[in-house]
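Reader: I'm new to this and would like to find my way around a protein model. Could you take me through it step by step?

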Amino acid sequence: MNEIPFVEDDIRKDFFGMLTDTAYCYYRSYLLYEISDLINSGKLDFGEFKDNIHVKAIEALSKNSKSNQSHFNSLNRNFIIDAWSTFEICVNTFCKEICNENEIEHLLNWKFRDVKKVLPKEKLNDNELEKLSSKLGAGHLTHVPIVRKTDIIFKKVNGYSRDIEEDKKFLLFFGRFRNTMHSNFIYYGKSFDYKFGHALFKFEDGDMVKWYDPFESTPKLYFYLVGNLKNIWKAMIEAIKFDGMIYYPNLEQE
């Protein structure tokens, strides 16, 4: 964070602060399991508070595989969701500032253009097309699929330090992986596999996402995923010159 040549409240720097906070939230919750393990191994004693209901709840975390798995599933899920949400708001804000009005309009009308392509030519008059555009147009960049926004960012980079095509594939994977968390990890869509290092993720339509974790029983895989997201953001902002400030949308928000 100290090496990024942007001032406080610039979204290009704020991204790293928000991501660090997300990681520290994971770390603090991870410590609860370590504390639980110390209690159960007799290395930590709460004395007169040992029968306190909250102490008992912490103690239960490491008592059996079910509570253990539940705790880490929640940690990993929240980490991925929060990291991606941070990336999304930063992409929205960055994209809004570096794109001109025509580019923004093009992004907002993506759904209208897709629908228009499948309509029979000359079946709708200009007035009807205008109404259709009004109905289908997105009101804000947040309602535009993130891959469309990152695609236009990638078109603007100059001297990008990474492999753009590989990063596009990663962002597509990460976004879909995050979205499955809204359906309890069940994926709906075209089946595909994604390899990340030695990890393999399998997305099958109507089935729970399955993945091989080479670092199983540790959080390393999830930190490597979020770390890659961080590196993509860093490469983006370094490859697009924009001299003005790009403020976080609401500076009163803590």
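Author: Let's start with a word we'll need: a pocket here is an open set of grid points with protein on both sides within 12 Å along at least five of seven lines. Keep in mind that this is a predicted model.

Reader: Okay, what volume does the largest pocket have?

Author: Picture the space filled by probe spheres set on the grid points, since that is what a volume is here. For the largest pocket, that comes to about 680 Å³.

Reader: Which element gives the most to the lining of the largest pocket?

Author: The lining has 25 residues, with Gln69, Asn73, Asn76, Glu216 and Tyr222 nearest the centre of the pocket. Helix H1 (11-40), helix H3 (65-98) and E5 each give two or more residues to that lining. With seven residues, the top contributor is H3.

Reader: And how many of those lining residues are charged?

Author: Sort the lining of the largest pocket by class and you get 13 nonpolar and eight polar residues. The charged ones number four.

Reader: Which element gives the most to the lining of the second largest pocket?

Author: This pocket has a volume of about 290 Å³. Its lining counts 15 residues, and Met1, Phe16, Leu19, Thr20 and Lys230 lie nearest its centre. H1 and H9 are the elements that give two or more residues to this lining. The biggest share, six residues, comes from H9.

Reader: How many nonpolar residues are in the lining of the second largest pocket?

Author: Take the classes one at a time: two residues are polar and four are charged. The nonpolar count is nine.

Reader: Now the strands. Which are the edge strands of the sheet?

Author: Three strands make up an open sheet with antiparallel pairing, in the order E2-E3-E5. An edge strand pairs on one side only, and that fits E2 (192-196) and E5 (210-212).

Reader: Which residue of E5 does Leu200 stand opposite?

Author: Strand E3 covers residues 199-203 and pairs with E5 in the antiparallel sense over three bridges. Opposite Leu200, in E5, stands Tyr212.

Reader: What angle does helix H9 make with E2?

Author: Let's take helix H8 (residues 164-180) before that: H8 packs on the sheet, touches E2, E3 and E5, and makes about 60 degrees with the direction of E3. Helix H9 (residues 220-239) also packs on the sheet and touches E2, E3 and E5. Between the directions of H9 and E2, the angle is about 90 degrees.

Notes
Residues are numbered from 1 along each chain as its sequence is written. This is a predicted model: local features need pLDDT of at least 70, side-chain atom pairs count only at pLDDT 80 or more; totals for chains, interfaces and linings use all residues. Side-chain values use heavy atoms; hydrogens and water are left out. Two strands pair if DSSP finds at least two bridges between them. Helices (H or I, at least four residues) and strands (E, at least two) are DSSP runs, numbered from the N terminus. Contact means heavy atoms within 4.5 Å. Axes are lines fitted to C-alpha atoms, for helices over the stretch in contact, and angles run from 0 to 180 degrees between N-to-C directions. On a 1 Å grid over the protein atoms alone, a cavity is a set of points where a 1.4 Å probe fits but cannot get out, and a pocket is an open set with protein on both sides within 12 Å along at least five of seven lines; lining residues have an atom within 4 Å of a point. Ala, Val, Leu, Ile, Met, Phe, Trp, Tyr, Cys and Pro count as nonpolar, Asp, Glu, Lys and Arg as charged, and the others, Gly among them, as polar.
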